[in-house]
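Please open the structure in a viewer and keep the selection tool at hand. The tour below proceeds one stop after another.

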Amino acid sequence: MKPVRIFRHIACEGPGYLATVLDQQSVPYEIIAIDAGESVPPQIDDVSGLVFMGGSMSVNDPLPWIEQELALIRQASNRDLPMLGFCLGSQLIARALGGSVSKGNGMELGWAPVKKCQPGQPDGWFDGLETVLPAFHWHGETFSLPDGATLLLSSDCYAHQAFAIGNTLALQFHLEMTADMVREWVGLYQEDVHSGGHCVQAEEHILAEADKRSRELQDVADQVFSNWIHRL
């Protein structure tokens, strides 16, 4: 199998639990470390899928690699190559395919559930899972839906949490988290943690439940990531 190419935009926001699932299922992958100055490969013939991780920057920032990734996403979409996006990654996919990305109504940060928009309708991604699912959030921007996309998940604070289009799944929330990643982010992003707002969870609550909630999140990730891998 050709490898999955994972785009990492900031050092602490790597593939996390996704890498564990890829290893478990013997799926090869490579990481393009944008944060370390690595270039965006312009071709997709040598990969079986693309993954776009999160980052503290905005899709609307004038960074040269953003336009390069947007072009790559359009190329992959035209071939229905499987893609997966988390947070910034989902916003890159949305914008590349004709949606827009804008500031949300304050940050959404911490553990908060997401809900299926059409609980009884099979979507090929979340089938068999509960209507209300665990999620970890760390974002202050949101996307509009590209033409042809299906909205799958929503939260009380942000209406657009996941969409699918063809073999592509875009997740505004972080399904890839491990407990160690949660603790690292809290330590690194103290300004966000103490930014206030009714959708920002208290630091002690985030950390106190990190291990338990990460295991619950990974139970969902096992199925969702497997559903994506089956499309490779």
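The following stops cover aromatic rings, salt bridges, a proline in a loop and a cavity. Please bear in mind throughout that this is a predicted model.

**Stop 1: aromatic rings**

The structure holds 8 aromatic pairs. Select Phe 7 and Phe 52, whose rings are stacked, with 5.0 Å from centre to centre and 5° between the planes. Phe 7 belongs to strand S1 (residues 4–8) and Phe 52 to strand S3, so this pair ties together parts that are 45 residues apart in sequence. Are these two side chains buried or exposed? Phe 7 has 0% relative accessibility and counts as buried; Phe 52, at 0%, is buried as well.

Next, select Phe 136 and Trp 138. Their ring centres are 6.0 Å apart and their planes stand at 45°, so the pair is described as tilted. Phe 136 and Trp 138 are both buried. Now add Trp 111, Trp 185 and Tyr 189 to the selection: ring pairs link these residues with Phe 136 and Trp 138 into a cluster.

**Stop 2: salt bridges**

Side chains of opposite charge can pair when their charged atoms come close. In this model, the count comes to 10 salt bridges.

Begin with Asp 45 and Arg 79, whose side chains meet in a salt bridge at 2.4 Å, N to O. Asp 45 is in the loop between strand S2 (29–33) and strand S3 (49–52), while Arg 79 is in the loop between helix H2 (64–78) and strand S4 (83–86), so the pair ties together parts that are 34 residues apart in sequence.

Continue with Arg 183 and Asp 211, which form a salt bridge with their closest N and O atoms 3.3 Å apart. Which elements does this pair tie together? Arg 183 lies in helix H4 (residues 179–188) and Asp 211 in helix H7 (residues 210–229), so the link is between parts 28 residues apart in sequence. Arg 183 is partly exposed, at 35% relative accessibility, and Asp 211 is also partly exposed, at 39%.

Stay on helix H7 and select Glu 216 and Lys 212, a salt bridge of 2.8 Å, N to O. These two residues are 4 residues apart in the helix, a separation of about one helical turn. Glu 216 is partly exposed, with a relative accessible area of 30%, and Lys 212 is partly exposed, with 47%. Then select Arg 5, Glu 30 and Asp 46, which are joined into one network by salt bridges that share partners.

**Stop 3: a proline in a loop**

Select Pro 146, in the loop between strand S8 (136–143) and S9. Pro 146 has a relative accessible area of 3%, so it is buried. Which residues does Pro 146 touch, not counting those up to four places away in sequence? They are Ala 94, Leu 97, Gly 99 and Phe 163. Of Gly 99 one can add that its C-alpha atom is separated by 4.4 Å from that of Pro 146, although the two are 47 residues apart along the chain.

**Stop 4: the cavity**

A search of the whole structure finds 1 cavity of 30 Å³ or more. The largest cavity has a volume of about 70 Å³. To display its lining, select Lys 116, Cys 117, Gln 118, Gln 121, Pro 122, Asp 123, Thr 150, Leu 151 and Leu 152. Strand S9 (residues 150–154) gives the most to this lining, with 3 residues. By class, the lining has 4 nonpolar, 3 polar and 2 charged residues.

How values were computed:
Residues are numbered from 1 along each chain as its sequence is written. This is a predicted model: local features need pLDDT of at least 70, side-chain atom pairs count only at pLDDT 80 or more; totals for chains, interfaces and linings use all residues. Side-chain values use heavy atoms; hydrogens and water are left out. On a 1 Å grid over the protein atoms alone, a cavity is a set of points where a 1.4 Å probe fits but cannot get out, and a pocket is an open set with protein on both sides within 12 Å along at least five of seven lines; lining residues have an atom within 4 Å of a point. Grid points are joined across faces, edges and corners, and a volume is the space filled by probe spheres set on the points. Ala, Val, Leu, Ile, Met, Phe, Trp, Tyr, Cys and Pro count as nonpolar, Asp, Glu, Lys and Arg as charged, and the others, Gly among them, as polar. A salt bridge is a side-chain nitrogen of Lys or Arg within 4 Å of a carboxyl oxygen of Asp or Glu. Buried means under 20% relative accessible area, exposed over 50%, partly exposed in between (1.4 Å probe, protein chains only). Contact means heavy atoms within 4.5 Å. Rings of Phe, Tyr and Trp (its six-membered ring) pair if their centres lie within 6.5 Å; planes under 30 degrees apart count as stacked, over 60 as edge-to-face and the rest as tilted.
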